[in-house]
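Trainee: Hey, have you got a minute to go through a structure with me? I'd like to start with one helix and then look at how the chains pair up.
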2 protein chains.
Amino acid sequence: MKILFVLAHHEPTSLNAALVREAVGALSAAHHQVEVSDLYAMRFDPVSDRRNFTTVKDPVRLKQQAEEEYATQMQGFAPPIQAEIDKLMWSDALVLQFPLWWCSMPAILKGWVDRVFACGVAYGGGRYYSRGVFRGKRAMCSVTVGGSQAMYSSRGAYGPVDRMLFPVHHGILHFVGYTVVDPFVVYSPSKMKDEQRNEQLRSFRARMLNLDKAPSLPDLDLAEYDGLVLKPTAADSQGCQQ
Amino acid sequence: MKILFVLAHHEPTSLNAALVREAVGALSAAHHQVEVSDLYAMRFDPVSDRRNFTTVKDPVRLKQQAEEEYATQMQGFAPPIQAEIDKLMWSDALVLQFPLWWCSMPAILKGWVDRVFACGVAYGGGRYYSRGVFRGKRAMCSVTVGGSQAMYSSRGAYGPVDRMLFPVHHGILHFVGYTVVDPFVVYSPSKMKDEQRNEQLRSFRARMLNLDKAPSLPDLDLAEYDGLVLKPTAADSQGCQQ
């Protein structure tokens, strides 16, 4: 297996960084190939605009997707973006490792998606969901959250963590074709003792070594859709007394 | 009314920029006060770490929230962050204007939230939801989306746009106490003729001039919660025959 970790934490002694180190060690020992994009260490720039490209299709008006398609044809991505595209295309599995900031990804990781998942590269020409570019590959979010599991439950003020991750799972990872593995979630890491922290590291190692068998979220089958809208079913056409 | 617009689009001729210009003109003519943070024009840096501060609490290990609290006490925010905090605290209403990229905010706007909504300033010390810092103030997302309304419906592949905006509405805006106004959503702007575009501009102007009366999303009342988890109700304690 070829695995790409994208890490979005500014502190090398964080649990986020430790989880990646633990997994890289275990996967390498098991003869898997691993790449890590440590976005803070790389000083990755998350702002998406003309800086993504060495090419220019329309110098007057910036239409980002049109420039992305043109850059795909002309090999016109800026070197830092092309390097990330190369790692992404090389990998069989993608792991996004991040602390949940404001119920979603830190900006440095959102910008990695904004810039690297370019039109023409990661989607386009009818390639999405079950016809997506990354079909047959697996992706997973591994997140730390400040609150407790109860706060992120159906009775919690924040609601289930899956609801917060829905735009990432469904709007990004599944959209480009990945099978989306259930997220690995660590609650309240700052309150953990060493023993609990080590337990999380062991658990993550086990998850990563068995990623191909880990449960995944339901797939959306494009055969049931027409123009990204559900086709009418027999039940629909029977009408409804209501 | 004092309104802060935060605009996250790289193209001055975009509908996003036009919507803000339209609203600013109409609100100013009606003697409201308006500020605009045009993040691309300002070259706003969305990466959150020690660069947010002029102060240092712990030089060894970066704990972002602890540094934020310390900077709040010591007036230690970096000038670009303090300037945004000042505008935020000044305003009665906040409008986030952005194109939906990957079903959420562009990184430049996510980073504005990551950096500006600092612990100690925008929340902390039990100040959230109905006890939040911005209680009594209104906030709204104004978004353009590439797909059609049908694609963002309950039968659409993406699902309802409110579901995609839930982390922003509930996890950011409502968390800090805002009454969250129903989003203003424009579908498929790139396919619009001038007349349709002008209709959207008029509609947005009307929405902004009546922001105080616009419908809002349900509030979460902290009185029903204990430690951010719903208190047991009479129905819970009666048990359930299943």
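Mentor: Sure. One term before we start: a residue is buried if 20 or more other C-beta atoms lie within 10 Å of its own. And keep in mind that this is a predicted model.

Trainee: Okay, so which residues are buried in helix α2 of chain A?
Mentor: Helix α2 covers residues 64-74 of chain A, and the buried ones there are Gln64(A), Glu67(A), Glu68(A) and Ala71(A).

Trainee: Where do those sit as you look down the axis of α2(A)?
Mentor: They fall within an arc of 105°, so the buried residues line one face of the helix.

Trainee: And what does Gln75(A) do just after α2(A)?
Mentor: Gln75(A) takes a positive phi there, about 50°.

Trainee: New topic. How many residues of chain B are in contact with chain A?
Mentor: On the chain B side there are 40, and they touch 40 residues of chain A. The elements of chain B that each supply at least two residues to that side are α4 (107-116), α5 (161-174) and β7 (229-230).

Trainee: What classes of residue are on that side of chain B?
Mentor: It has 25 nonpolar, eight polar and seven charged residues.

Trainee: How are the two copies related?
Mentor: A turn of 180° with a shift of 0.0 Å along the axis lays chain B on chain A, with an RMSD of 0.0 Å. The copies are therefore related as by a two-fold rotation axis.

Trainee: Which C-alpha of chain B is nearest the axis?
Mentor: That of Ala107(B), 2.4 Å from the axis. Also, the same surface serves both copies, as 100% of the contact residues of chain B recur in chain A.

Definitions and conventions
Residues are numbered from 1 along each chain as its sequence is written. Chains are lettered from A and ligands numbered from 1 in the order in which they are written. This is a predicted model: local features need pLDDT of at least 70, side-chain atom pairs count only at pLDDT 80 or more; totals for chains, interfaces and linings use all residues. A residue is buried if 20 or more other C-beta atoms lie within 10 Å of its own, exposed if 12 or fewer, and partly exposed in between; C-beta atoms are placed from the backbone. Helices (H or I, at least four residues) and strands (E, at least two) are DSSP runs, numbered from the N terminus. The arc is that of the directions from the helix axis to the C-beta atoms. Two residues are in contact if their C-beta atoms, placed from the backbone, lie within 7 Å. Ala, Val, Leu, Ile, Met, Phe, Trp, Tyr, Cys and Pro count as nonpolar, Asp, Glu, Lys and Arg as charged, and the others, Gly among them, as polar. Copies are superposed by least squares on the C-alpha atoms of residues with pLDDT of at least 70 in both.
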